[in-house]
Amino acid sequence: MTNVAIIGTQWGDEGKGKVVDLLSEKADYIVRFQGGNNAGHTLVIGDQSYALHTVPSGVLRPGKISVIASGVVVDPEDLIAEIKGLTERGVDINPSNLKISEKAHMIMPYHRLLDAARENSVNGRKIGTTGRGIGPAYEDKAARTGLRLGDLRSEELLATRIDLAIREKNCLFQELYGVPTLKADDLWKRALSLRPFILPFLTNTARIVQEAHAKGQKILFEGAQGVQLDVDHGTYPFVTSSNPTTGAVAMGAGLAPKCLENVLGLVKAYTSRVGEGPFPTELIGATGDWIRDSGHEFGTTTGRPRRCGWLDAVVVKAAVDLCGVDHLAITKLDVLSGLEELKVASHYELDGERIDFVPADSADLARCQPVYATAPGFTGDITKAKKLEDLPKGAREYLDLMEKLIGVPAALVSVGPERDETIILKSYF
Ligand code: IMP
């Protein structure tokens, strides 16, 4: 096996950072292929905690090559701050271990401003975005008015494209949103100042990934967000602007779909969601608050409290089918220790009818009533469990129920935030 894609099966925040870090031990390349700094991958290594946003989790393992591929949108100012912050903490990041696509689109200051203006607008529909300018950057990419990192190489090209973009954006800022406009010249100078830091990292990352694959090197594709946030297949319009699904691995990284070998679906032992939108198994009240506190469910990127609820097998099964998930990586099982009873939604009822799929219309999903299967809870510290037999009976029953309702076996179960707090059932690479 030479490659594995890690895909979030829920609404993001499934604990991908830790799993990517674990698997990256044996990988040669770790590739981010979609999303941007809306992602927040938390890794705990010894007494140190790292929150990564654009930089692939592989940077924390010496000797690995990390790739930010062309499907990612990059906020260069934020990326520079992230790299500098990690460097100050002793993480070695340089152009030989971090490769950034010259084709990746840039998140510009006007994208962040537009994201915030829309979210704050009284007329608009609130999505609860991370406010990082992700949506507006992907919009400009599709509209062919975006700036790519490679454009930083040419002063003239930069000036022309910024001028073109800012005329349109300033109209929106002034006429529609009533927020201060930006000056093209200021943006141009700001962009030029990024060149000494960014340019040495830029390269043709698709070629690097293709060559690595051809040589049989081990590649880990690090997905961000989750399937229900997919702009095509998620709970639209309460979604992100990229495709956190397996299909996007090929597109975003520049590797033919037939080269993808293994898909690992990340599933948290319960569900969380940050931002607006329907969430059938949401627990409003004491149990939801308990899970949030026990699981430290506060956004890595925005600090927002996450909405929490029971596991939803309908949602996870949708991801399994859409993404060709081979195995599950079950995370944060330890968080549920102490609850008397555990529930998993096996299907929904919508207007008195049984359904076992996620309806296309968010308003329909909001009306779905989850129907639950239950398992007895478990207690005690499970973080030192190294094999399934080390777990209390209730925890094993819950895992069995998850696998049965989702229909895919687990490859690993995470029982704590540390690297070694993991039960490995199947080895990769
Ligand atoms: P955006 O990606 O910032 O445009 O936000 C769109 C939606 O996706 C909002 O509901 C965000 O809360 C959600 N979202 C974006 N990135 C993540 C993530 O990494 N984890 C969880 N939710 C996310």
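## Close-up views of a predicted model

**View 1. A loop residue with an unusual backbone angle: Gln225.** Gln225 sits in the loop that runs between E10 and H9. Although Gln225 is not a glycine, its phi is positive, at about 60°. Keep in mind here, and in every view below, that the model is predicted.

**View 2. A cis peptide bond between Tyr236 and Pro237.** Staying with the loop between strand E10 (219–222) and H9, we come to Pro237. The peptide bond that joins Tyr236 to Pro237 is cis, with omega at about 5°. If you are setting up the backbone on your own screen, Gln225 and Pro237 are the two loop residues to look up for these views.

**View 3. The ligand and its shell.** Which residues come nearest to the ligand? Of the 15 residues around it, they are Asp13, Asn38, Thr130, Thr240 and Val274. Sorted by class, the shell around the ligand holds six nonpolar, seven polar and two charged residues. Both domains take part: domain 1 (3–96 + 204–424) and domain 2 (105–200) each contribute at least three residues to this shell.

**View 4. Polar contacts of the ligand oxygens.** Here we look at individual atom pairs. From Asn38, a polar side-chain atom lies 2.9 Å from an oxygen atom of the ligand. Two further residues make their approach through the backbone: a polar backbone atom of Val274 is 2.9 Å from a ligand oxygen, and one of Gly128 is 3.3 Å from a ligand oxygen. How much of the ligand's surface does the protein bury? Taken alone, the ligand exposes 470 Å², and the protein buries 97% of that.

**View 5. The second largest pocket.** This pocket offers about 340 Å³ of space. Its lining is made up of 19 residues, and those nearest its centre are Gly71, Tyr138, Lys141, Asn243 and Met251. Helix H4 (134–143) and helix H9 (247–253) are the elements that give two or more residues to the lining. H9 gives the most, with four residues; this is the helix at the end of the loop that holds Gln225 and Pro237. In class terms, the pocket lining counts five nonpolar, ten polar and four charged residues. At least three of the lining residues come from domain 1 (3–96 + 204–424), and at least three from domain 2 (105–200).

**View 6. A cavity between the domains.** One cavity of 30 Å³ or more is present in the structure, and the largest cavity has a volume of about 80 Å³. Where does the largest cavity lie? Residues of both domain 1 (3–96 + 204–424) and domain 2 (105–200) line it, so it is found between them.

**View 7. The lining of the largest cavity, residue by residue.** The residues to display are Asp75, Pro76, Glu77, Met106, Ile107, Met108, Pro109, Arg112, Leu187, Arg190, Ala191 and Leu194. Among these, eight are nonpolar and four are charged, while no polar residue takes part. Three helices, namely H2 (76–88), H3 (109–120) and H6 (184–192), supply at least two lining residues each. Which helix gives the most? That is H6, with three residues.

Notes. Residues numbered from 1 in each chain as written. Predicted model: local features only at pLDDT ≥ 70, side-chain atom pairs only at ≥ 80, totals over all residues. Heavy atoms only, no water. 1 Å grid on protein atoms, 1.4 Å probe; cavity = no way out; pocket = protein on both sides within 12 Å on 5 of 7 lines; lining within 4 Å. Points joined across faces, edges and corners; volume = space filled by probe spheres on them. Nonpolar A, V, L, I, M, F, W, Y, C, P; charged D, E, K, R; others polar. Domains from an automatic or database assignment. Near = heavy atom within 4 Å. Polar contact = N/O pair within 3.5 Å; in protein donor to acceptor, adjacent residues only side chain to side chain. Areas by Shrake-Rupley, 256 points an atom, 1.4 Å probe, with all protein chains shown as cover.
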